[in-house]
Amino acid sequence: MCSANASSPRRWDGTPARSPRSRSLRVAPDSPTRLVRSAQPGRCPDCGNRVDWCPRADVDDRAVGLHPQELPAAAVPAVSRWHVSAGIAHPAHDGTPWCRIPHTALCPARSAPAALTPQLAELRRHLALHTRRLINNGTLTTPADLPPEATESCRPARPVAHLLGVRYIASHPIDVIQCVAQTRQRHRCTRPVLDDQAPHGTWTLFPTALPSHRPLSLPTDRVAVYDLTHLAFAEQLRWRHQHCPGHAASSAADLARTEWEPFDPRLHHQHIHQRLPHGARKRDHGA
């Protein structure tokens, strides 16, 4: 006679094979941010290798990209040692035999640092091989491989947007900006912020310097801006939080930091474009 629970999975010794119930990360109601600090994986846009983005303890509202694995502290120069505590990255060694290292010190797309230990040199070669495989498979496109039309100013790679009374510069084209919210499967949402069912912004030619600022010595006095100020406040806030329409009013946590950066004509002069994208309605604002 078979027992009722004979079909339940069991280990070799007959004990029930029960997997522990996973617990999802939650954001405290009084938290000033909805970002889940312990889950910010990403990839380097230059080499395609994995990077862990962690908020820095010494700089406000900025993150540092760290190599995903810990390394022996003896193999890392003292100036490159970091440690992570409670999701915050600290630019110092915590006294343990292990430490973290910034990805920029290993990135094969950058020049190798002068002081590179044999262990780090070997790790850098391993990352370079992975980058080469990504390029050969077509997964990673290097700037040298981009077609000529991709470098034209008709589609800015880092567009300038105007929302909530502030000009920001994005890290990706407007139609590629990705939602940062967490899905029910605990992955980052793959939907873009730009949605066909939601109101769109308007490409506009604005003066490079705001009227309240002193004149700048720049080669151009106009910049193409994706203007969102005519949209409702809630819609501008959705863009600022970098959420798709499905996560606009959601309480889901964020799995990545927003990629907006305050636009500074002096720092971002190489991203100033005077031409509007093809097909964009032209609106010219006077100084």
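**Exercise 1. Work out the order of the strands in the open sheet, and which of them stand at its edges.**

Step 1: Three strands make up this open sheet, and they come in the order β1-β2-β3 with antiparallel pairing. Keep in mind that you're looking at a predicted model.

Step 2: Look for strands with a single partner. β1 (41-43) and β3 (63-66) each have just one, so they stand at the edges, and one side of each has no neighbour in the sheet.

Step 3: Now check the twist. From one strand to the next, it averages 40°.

**Exercise 2. Find how β1 and β2 are paired and what lies between them.**

Step 1: Start with the bridges. β1 and β2 (residues 50-55) are held in an antiparallel pairing by three bridges.

Step 2: Pick out some partners. P41 sits opposite D52 of β2, while R43 has R50 as its bridge partner in β2.

Step 3: Go round the turn. The two strands form a hairpin with six residues between them. In that turn, G48 has a positive phi of about 85°.

**Exercise 3. Follow D52 and list what it meets on the way.**

Step 1: On the β1 side, D52 stands opposite P41.

Step 2: Now turn to β3. β2 and β3 run antiparallel and are joined by four bridges, and the bridge partner of D52 in β3 is L66.

Step 3: Follow the side chain next. D52 meets R100 in a salt bridge, at 3.2 Å from N to O. That pair ties together distant parts of the chain: D52 belongs to strand β2, R100 to the loop between β7 (98-99) and α1 (118-136), and they are 48 residues apart.

Step 4: Ask about the surroundings. Both D52 and R100 are buried.

**Exercise 4. Take two more of the five salt bridges and say how buried or exposed their residues are.**

Step 1: Recall the idea. Side chains of opposite charge can pair when their charged atoms come close.

Step 2: Try R125 and E122, whose side chains meet at 2.6 Å, N to O. They are three residues apart in helix α1, which means about one helical turn separates them.

Step 3: Check their accessibility. R125 comes out at 47% relative accessibility, so it counts as partly exposed. E122, with a relative accessible area of 46%, is partly exposed too.

Step 4: Move on to R191 and D195, which form a salt bridge at 3.1 Å, N to O. Buried means under 20% relative accessible area. D195 has 16%, so it is buried. R191 has 37% relative accessibility and is partly exposed.

**Exercise 5. Decide where the buried residues of α1 lie around the helix.**

Step 1: Get the length first. α1 has 19 residues and reaches 27 Å from its first C-alpha to its last, close to the expected 27 Å.

Step 2: List the buried residues: L120, L123, R124, L127, T131, L134 and I135.

Step 3: Look down the helix axis. These buried residues fall within an arc of 125°, so they line one face of α1. It helps to know that an α-helix has 3.6 residues a turn, so residues three or four places apart point the same way.

Step 4: Check the other face. Turned away from the buried side are the exposed residues P118, L129 and N136.

Step 5: See what does the covering. β4 (71-72) is among the parts that cover the buried residues of α1.

Step 6: Finish just past the helix. G138 follows α1, with a positive phi near 80°.

Key
Residues are numbered from 1 along each chain as its sequence is written. This is a predicted model: local features need pLDDT of at least 70, side-chain atom pairs count only at pLDDT 80 or more; totals for chains, interfaces and linings use all residues. Side-chain values use heavy atoms; hydrogens and water are left out. Two strands pair if DSSP finds at least two bridges between them. Axes are lines fitted to C-alpha atoms, for helices over the stretch in contact, and angles run from 0 to 180 degrees between N-to-C directions. A salt bridge is a side-chain nitrogen of Lys or Arg within 4 Å of a carboxyl oxygen of Asp or Glu. Buried means under 20% relative accessible area, exposed over 50%, partly exposed in between (1.4 Å probe, protein chains only). The expected span of a helix is 1.5 Å times one less than its number of residues. The arc is that of the directions from the helix axis to the C-beta atoms. Contact means heavy atoms within 4.5 Å.
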